[in-house]
Amino acid sequence: MQLPPDDRYAHHEMPQFFVYVRIPVARHAVDPLHLREERIDQALQAQGLGTVVGWGESLGERHADGKRAATFMRVDISVTDLPRALALLHTLLPALEAPQGTEIHYHADGRHLCDAIHAQGWRLAQAVPTARSGSPSTI
């Protein structure tokens, strides 16, 4: 049975772009109340750029004992203006003490790209290997 589309969740007036942030878990340990995600959401909404739609820990490789530990915190974001939202995140994440290795993932011109914090600052628009790619560019 085919159901009709649910327009309650559609954004007809502007495109929505999916962005996610990967924050290494070692630094996340000092943010048990998810204040970082709340501050990201507040900053995006204050500028009318989007909203945090979810977050959670992502597991790393399986250890010899079969267990998998969390390796990073992922923050899923829906944005309406990709360049402005990226600029905001480039300023906001270091202010929120996001450590080196933090990544912002997004799609532009049909390519999965990543901006990452390194010792020298942000490395922008780095191509993501195909094995790690696959998300759609809009939602």
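Student: What share of the 139 residues of the protein counts as buried?

Tutor: The buried share is 37%, where buried means under 20% relative accessible area, exposed over 50%, and partly exposed in between (1.4 Å probe, protein chains only). This is a predicted model, in which local features need pLDDT of at least 70 and side-chain atom pairs count only at pLDDT 80 or more, while totals for chains, interfaces and linings use all residues. Residues are numbered from 1 along each chain as its sequence is written, and side-chain values use heavy atoms, with hydrogens and water left out.

Student: Why does Glu103 count as buried?

Tutor: Its relative accessibility is 14%, which falls under the limit for a buried residue; Glu103 is therefore classed as buried. Glu103 belongs to strand 4, strands being DSSP runs of E of at least two residues and helices runs of H or I of at least four, numbered from the N terminus.

Student: What makes the link between the side chains of Glu103 and His105 a polar contact?

Tutor: The distance is 2.7 Å. A polar contact is a pair of N or O atoms within 3.5 Å; within protein, one must be able to donate a hydrogen and the other to accept it, and residues adjacent in sequence count only if both atoms are side-chain atoms. The Glu103–His105 pair is accordingly listed as a polar contact.

Student: Why is Glu97 called partly exposed?

Tutor: Its relative accessibility is 49%, which lies between the buried and exposed limits, so the intermediate class applies. Glu97 sits in the loop between helix 3 and strand 4, and its phi near 65° is a positive value in a residue other than glycine.

Student: Why is Ala125 partly exposed?

Tutor: Ala125 has a relative accessible area of 37%, so it too falls into the class between the two limits. Ala125 lies in strand 6, with a positive phi near 50°.

Student: How do you know that the span of helix 3 is close to the one expected?

Tutor: The expected span is 1.5 Å times one less than the number of residues. Helix 3 (residues 82-95) has 14 residues and reaches 20 Å from its first C-alpha to its last, close to the expected 20 Å. At its N-terminal end, Asp81 acts as a cap, with a side-chain oxygen 3.2 Å from the backbone nitrogen of Arg84.

Student: Which elements do the buried residues of helix 3 pack against?

Tutor: Among them are strand 1 (17-24), helix 2 (35-46) and strand 3 (68-79), contact meaning heavy atoms within 4.5 Å. The buried residues of helix 3 include Leu82, Ala85, Leu86 and Leu89.

Student: What makes strand 1 and strand 3 a pair?

Tutor: Two strands pair if DSSP finds at least two bridges between them. Eight bridges join strand 1 to strand 3, in the antiparallel sense, which satisfies the criterion; Ile23 has Met73 as its bridge partner in strand 3. Strand 2 (residues 50-62) meets the criterion with strand 3 as well, over ten antiparallel bridges.

Student: Which element has the highest mean pLDDT, and which the lowest?

Tutor: Helix 3 has the highest, 97, and helix 1 (residues 25-28) the lowest, 62, pLDDT being the predictor's confidence in each residue, from 0 to 100. Over residues 135-139 the value stays under 50. Where pLDDT is low, the predicted coordinates should not be read in detail.
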